[in-house]
Structures are given as structure tokens and as C-alpha cells.
Amino acid sequence: ICSQGMMQSPVDLPKCIVPETRDAIAPAWGSHTIELSNNGHTIVATLTDASPIMTARTFSYSLKQCHFHVGSEHTVSGEQIPMVAHCVHEKVDHAGHYGV
């Protein structure tokens, strides 16, 4: 949806008519040192030590930070959920390309 930068948050995601089957993403973050901050919009947990790597399909991503929204930022078929956590990853060897 946001790959061209034309649609940004919030996004209303449609429910799938036929669910797609994909390999599960298995982050293995382990324990890390973080810095917590409140930016006035959300609470942010920023990693202050080495970023763990997650692989999705054939791409590797480095965890940068997680932040929380009370009242989901996005909706699914118009339905908002009480809270979501966004874990922001940067694509390895592609600075500025993110996966959340």
C-alpha cells in the first residue's frame, strides 16, 4: 500500500476474501538495551546497542525502534483495535528503506 509513498498513515486495510498463506516471520531479537522516550505522540523504545537482524522472505532487516499507539493507527475494514506496537526495521544495505 505504501510502497510508492503515495498512501501513508492512517490506512484502512481491507479484510482478505481468501486468506493468503505465507511463511511466518520469526524475529529473534533477544535482550537489548533501550532508551524510552515520549515524543508527545507515542512512547518510543529505541535500541542503544547492536540491532538484531530479522529475515523476511529473502530480505534482512535491522531492528531500529518500537513505538506504541493506543487506539490503532490503522484500521481493518473500518475497525480500530485498542493498541498496536510498530517495530521499525531498516533493510540491511538499503538505508532509508523500512519495514514496520
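Strands, in the sense used here, are DSSP runs of E that hold at least two residues and are numbered from the N terminus. Counted in this way, the chain of this predicted model has 0 helices and 8 strands, and the order of its elements from the N terminus on is β-β-β-β-β-β-β-β.

**Overall picture**

The C-alpha trace of the chain spans about 40 × 35 × 25 Å along its principal axes. Of the 100 residues in the chain, 23% are buried, and the chain exposes about 7,500 Å², with carbon and sulfur atoms supplying 57% of that area. Among the contacts with a separation of 6 or more, 37% are accounted for by residues 24 or more positions apart.

**Strands β5 and β7**

Several of the features described here involve strand β5, residues 59-70, and strand β7, residues 83-91. Lysine 64 and glutamate 90 meet through their side chains in a salt bridge, with an N to O distance of 3.8 Å. This pair links distant parts of the chain, since lysine 64 belongs to β5 and glutamate 90 to β7, and the two are 26 residues apart. Is each partner buried or exposed? Lysine 64 is partly exposed, because its relative accessible area is 31% and the partly exposed class lies between the limits of 20% and 50%. Glutamate 90, in contrast, has a relative accessibility of 17% and therefore counts as buried, the limit for that class being under 20%.

Serine 62 is also placed in strand β5, and with 10% relative accessibility it counts as buried. Once its neighbours within four places in sequence are left aside, serine 62 is in contact with Ser51, Pro52 and Ile53, and also with Val88, His89, Glu90 and Val92. Glu90, the salt-bridge partner of lysine 64, is thus one of the residues that serine 62 contacts.

Histidine 86 lies in strand β7, and its relative accessibility of 11% means that it counts as buried. Which residues does histidine 86 touch, when those up to four places away in sequence are not counted? They are Gln65, Cys66, His67, His69, Glu73, His74 and Val100. With one of these, histidine 69, the side chain of histidine 86 makes a polar contact of 3.5 Å; the C-alpha atoms of the two histidines are separated by 8.0 Å, and the residues stand 17 apart along the chain. Cysteine 66, another residue in the list of contacts, is buried, because its relative accessible area is 12%.

**Cysteines and the other salt bridge**

The count of disulfides comes to 0. Cysteine 16 counts as exposed, because its relative accessibility is 59% and the exposed class begins over 50%, whereas cysteine 66 is buried at 12%.

The count of salt bridges comes to 2. Besides the pair formed by lysine 64 and glutamate 90, the side chains of arginine 22 and glutamate 20 meet in a salt bridge with an N to O distance of 3.0 Å. Arginine 22 and glutamate 20 are both exposed. The two pairs are set out below.

| Salt bridge | N to O distance |
|---|---|
| Arginine 22 and glutamate 20 | 3.0 Å |
| Lysine 64 and glutamate 90 | 3.8 Å |

**A nonpolar patch on the surface**

Ile34, Leu36 and Ile43 form a nonpolar patch on the surface, and together they have about 270 Å² of accessible area. Leucine 36, which lies in strand β2, residues 34-38, is exposed, because its relative accessible area is 58%.

**Residues with positive phi**

Most residues other than glycine have a negative phi. Serine 77 has a positive phi of about 50° although it is not a glycine, and this serine is found in the loop between β6, residues 75-76, and β7. With 38% relative accessibility, serine 77 counts as partly exposed. Aspartate 93 likewise has a positive phi, near 65°, in a residue other than glycine. The place of aspartate 93 is in the loop between β7 and β8, the latter being residues 98-99, and aspartate 93 is exposed, because its relative accessible area is 74%.

Key
Residues are numbered from 1 along each chain as its sequence is written. This is a predicted model: local features need pLDDT of at least 70, side-chain atom pairs count only at pLDDT 80 or more; totals for chains, interfaces and linings use all residues. Side-chain values use heavy atoms; hydrogens and water are left out. A salt bridge is a side-chain nitrogen of Lys or Arg within 4 Å of a carboxyl oxygen of Asp or Glu. Buried means under 20% relative accessible area, exposed over 50%, partly exposed in between (1.4 Å probe, protein chains only). Helices (H or I, at least four residues) and strands (E, at least two) are DSSP runs, numbered from the N terminus. Contact means heavy atoms within 4.5 Å. A polar contact is a pair of N or O atoms within 3.5 Å; within protein, one must be able to donate a hydrogen and the other to accept it, and residues adjacent in sequence count only if both atoms are side-chain atoms. A disulfide is a pair of cysteine sulfur atoms within 2.5 Å. Accessible areas come from the Shrake-Rupley method with a 1.4 Å probe; for residues, only the protein chains shown count as cover. Patches are made of residues with over 30% relative accessible area and no salt bridge: like charges are joined within 9 Å, nonpolar side chains (Val, Leu, Ile, Met, Phe, Trp, Tyr) within 5 Å.
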